[in-house]
Amino acid sequence: MPAWFIPVIAATFIYGAINFLYKVAAERQLHSDRIVNMVGAAVALLSLLTLTVAQRGNPFPVFTRGVFLYAFFNGLFFGLGALTKFAALRHAPAGTVFPLNRLNNMMVMLAGFLFFGDRPSVVQAAGLALTILVIALVSLDRPDSSGGHNFPHRKRGVVCALLSATCTAASMTVGKLLADTQENRLAYICCSYFLVFLITSVMTTVRKGSLPRGGRTGWMPVLVFGLMIGGLNYGGYFLVLKGFGMGPISLVQAILSMSMVIPIALSCVVYRERLSPANKLAIVLAVISAALISSP
């Protein structure tokens, strides 16, 4: 088993939990801008606090020009990707949104082959081929029902999921570029998510949004979900960067794409969303794909 597999598989489970929390928040009709805004603030603060301790009270020297440049593009793409994914979950079931969102896997794999010189083994290449088959199965599948939920605007959800995939692929590629440098990763995470916080704050202000009041969709649920997702994102993204620095981006991203199994399964249990035969086969192939890619 390659050394990069351990942090990446841990990040995969973390991102599976994150995606399900996004699903729960969307089901509760929580304000998407506010959720992503809180996530950005939480990750930026956690990163800064960790850096302050690590740098003995003076974290600022590690905030270099390179860190700011990489963080600008990562924060921009992450913010757009999170918002479009949130919108997609409002209009389509998790079994459609999360696998489609993983189309970023193909985009990142292509970047790995073209720009980073990735050369997987024969067994790993078979795993990548299965990953592409998983994406194709779910993308071409059109289930007739989704449990007790009706999604009259499913096409809008599919479009939002595809936009989210594109933004996520761009964000992951920027992360790989950063991981191959000597720049401080925590400083990069801090700047990236602080930018997410700023972007969503400006968006809310432009829309003349106000802080939610009371009830199931009030400020307290937004705070709770934002902090939970932010805490998981902080640990998960650090593990992703560690994996990027140790292994090929195409294989790392392929493993990360398997995180879709967790929210899909939980959505079936909690929200009774039905899986079509194609989606069931896709989940099985996803597990096999992960096993093949982890081979040395």
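**A walk through an all-helix chain**

Let's start with one pair of helices: helix 3 runs past helix 8 in a right-handed crossing. Keep in mind that what you have on screen is a predicted model. To find the pair, look at residues 65-91 for helix 3 and residues 185-206 for helix 8. Their axes come within 7 Å and cross at roughly 50°, which makes helix 3 oblique to helix 8.

Who does the touching here? On the helix 3 side, the contact residues are V67, F68, Y70, A71, F72, N74, G75, L76, F78, G79 and L83. Helix 8 answers with A187, Y188, C191, S192, Y193, L195, V196, I199 and M203. Sorted by class, the contact comes out at 16 nonpolar residues, 4 polar ones and no charged ones. If you want a rule of thumb for reading lists like these, an α-helix has 3.6 residues a turn, so residues three or four places apart point the same way.

Now zoom out to the whole chain. The protein chain has 12 helices and 0 strands, so if you follow the elements from the N terminus on, you read α-α-α-α-α-α-α-α-α-α-α-α. Of its 296 residues, 53% count as buried. Take the contacts with a separation of 6 or more: residues 24 or more positions apart account for 89% of them.

What sits in the middle of the nonpolar packing? The largest nonpolar core has 81 residues, and the members that touch the most others are W4, Y22, I35, Y188, Y237, V240 and F244. Helix 1, residues 5-27, gives the most to this core, with 11 residues. You have already met Y188, on the helix 8 side of the contact with helix 3.

V240 is a good residue to click on next. Leaving out residues up to four places away in sequence, V240 touches A11, Y15, M172 and L256. V240 and M172 also turn up together where helix 7 meets helix 9. That contact pairs S171, M172, G175, K176 and A179 in helix 7 with Y237, V240, L241, F244 and G245 in helix 9. By class, the residues of this contact divide into 6 nonpolar, 3 polar and 1 charged.

As for the geometry of this second pair, helix 7 covers residues 154-179 and helix 9 covers residues 219-246. Their axes come within 8 Å and cross at roughly 60°, and the two helices are therefore oblique to each other. The crossing of helix 7 and helix 9 is right-handed.

L256, another of the residues that V240 touches, takes you on to helix 10, residues 249-256. Is helix 10 mostly covered or mostly open? Mostly covered: 8 of its 8 residues are buried. Those are I249, S250, L251, V252, Q253, A254, I255 and L256.

Finally, have a look at two loop residues with an unusual backbone angle to check. Q29 lies in the loop between helix 1 and helix 2, and its phi is near 60°, a positive value in a residue other than glycine. Q29 is exposed, with a relative accessible area of 52%. Further along, R56 lies in the loop between helix 2 and helix 3. Phi of R56 is near 55°, again a positive value in a residue other than glycine, and R56 is exposed too, with a relative accessible area of 79%.

Technical notes
Residues are numbered from 1 along each chain as its sequence is written. This is a predicted model: local features need pLDDT of at least 70, side-chain atom pairs count only at pLDDT 80 or more; totals for chains, interfaces and linings use all residues. Side-chain values use heavy atoms; hydrogens and water are left out. Axes are lines fitted to C-alpha atoms, for helices over the stretch in contact, and angles run from 0 to 180 degrees between N-to-C directions. Helices (H or I, at least four residues) and strands (E, at least two) are DSSP runs, numbered from the N terminus. Angles under 35 degrees count as roughly parallel, over 145 as roughly antiparallel, 65 to 115 as roughly perpendicular and the rest as oblique. A crossing is left-handed if the near helix is turned anticlockwise from the far one by less than a right angle, and right-handed if clockwise. Contact means heavy atoms within 4.5 Å. Ala, Val, Leu, Ile, Met, Phe, Trp, Tyr, Cys and Pro count as nonpolar, Asp, Glu, Lys and Arg as charged, and the others, Gly among them, as polar. A nonpolar core is a set of buried Ala, Val, Leu, Ile, Met, Phe, Trp, Tyr and Cys residues joined through side-chain atoms within 4.5 Å. Buried means under 20% relative accessible area, exposed over 50%, partly exposed in between (1.4 Å probe, protein chains only).
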